[in-house]
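Biologist: Could you take me through this protein, and show me how the words fit the values?

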Amino acid sequence: TPLPVRPALTRRDKALIKLAEFRRKGPGYLIEWARNRIAWERQKRAGCAPEAAAPGAEFNNVKVQNAFLQAVRSYDTQRWEGPMTLFRPPLDHHWNVSGGMWVTAEKEYVFEDNDWRKYAPHMEVVEVPGDHEAMVLTPSVTVLAQELGEVIATALSERSGDATGRTAAE
């Protein structure tokens, strides 16, 4: 799981993404961008969720999203000195931006460790096939289960009296 609060894209990186898209799509990108921006502004002013949802679901989605964001802002992530394993899908290197950083197709910075090592410095990262959802579905879940089994077996063999154990995170 990525950190609940992710760094926002800088203005420079947003501009680099737009420039990359303009180069890829040509002048038609400006019209596409303007249409998307206008639609986004209308949805924002109407108080609708930005994604299409079933009738009546918009209100609940917005309520759940707002409750989640409020909880995230008040959560104090604690440092973990014990071992930890992060299972994650292959990284999405969609746009190369400033400082050698990469941004995903969802416009979030790419971190090999999902930016967790500052809180869990002894983290091990294990890449498994699929994406965020498919990694827990057939056939990718077989690889995830095998990797998880190896991590658990190693933790049990290393434990020998160590009460900290190993924490697994996606």
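Modeller: What follows is a chat about charges, cover and patches.

Modeller: First, this is a predicted model, where local features need pLDDT of at least 70 and side-chain atom pairs count only at pLDDT 80 or more, while totals for chains, interfaces and linings use all residues. Residues are numbered from 1 along each chain as its sequence is written, and side-chain values use heavy atoms, with hydrogens and water left out.

Biologist: What makes up the protein chain, in helices and strands?

Modeller: There are four helices and five strands. Helices (DSSP runs of H or I, at least four residues) and strands (E runs, at least two) are numbered from the N terminus. In that direction the order is α-α-α-β-β-β-β-α-β.

Biologist: Why is the pair Glu 108 and Arg 6 called a salt bridge?

Modeller: A salt bridge is a side-chain nitrogen of Lys or Arg within 4 Å of a carboxyl oxygen of Asp or Glu. Here N to O is 2.3 Å, so the pair fits the definition. In general, side chains of opposite charge can pair when their charged atoms come close.

Biologist: What does the pair of Glu 108 and Arg 6 tie together?

Modeller: Glu 108 sits in the loop between β3 (102–103) and β4 (123–127), and Arg 6 in the segment before α1 (11–25), so parts 102 residues apart in sequence are tied together.

Biologist: How many salt bridges does the structure hold?

Modeller: Eleven. Among them is Arg 79 with Glu 81, at 2.5 Å from N to O. Another joins Arg 88 and Glu 127, whose closest N and O atoms are 3.2 Å apart. That pair links strand β1 (residues 84–88), home of Arg 88, with strand β4, home of Glu 127, across 39 residues.

Biologist: How do you know whether Arg 88 is buried or exposed?

Modeller: Buried means under 20% relative accessible area, exposed means over 50%, and partly exposed is in between (1.4 Å probe, protein chains only). Arg 88 has 7%, so the word is buried. Its partner Glu 127 has 45%, so that residue is partly exposed. Across the protein chain, buried residues make up 23% of the 170 residues.

Biologist: What about Asp 13, and where is the nearest side chain of opposite charge?

Modeller: Asp 13 is in helix α1. This residue is buried but has no salt bridge, and Arg 12, the nearest side chain of opposite charge, is 5.4 Å away.

Biologist: Why is the link between Asp 13 and Ser 98 called a polar contact?

Modeller: A polar contact is a pair of N or O atoms within 3.5 Å; within protein, one must be able to donate a hydrogen and the other to accept it, and residues adjacent in sequence count only if both atoms are side-chain atoms. The two side chains make their contact at 2.5 Å, so the distance is within the limit.

Biologist: What makes Leu 19 fit in a nonpolar surface patch?

Modeller: Patches take residues with over 30% relative accessible area and no salt bridge: like charges are joined within 9 Å, nonpolar side chains (Val, Leu, Ile, Met, Phe, Trp, Tyr) within 5 Å. Leu 19 has 36%, so it passes the area cut-off. Together with Phe 22 and Leu 30, Leu 19 makes a patch of about 250 Å².

Biologist: Which residues form the positive surface patch?

Modeller: Arg 11, Lys 14, Lys 18 and Lys 107. Lys 107 is in the loop between β3 and β4, and its 44% relative accessible area is over 30%, so it passes too.

Note on methods. Areas by Shrake-Rupley, 256 points an atom, 1.4 Å probe, with all protein chains shown as cover. Lys, Arg positive; Asp, Glu negative; His and termini not counted. Charge placed at Lys NZ, Arg CZ, Asp CG, Glu CD.
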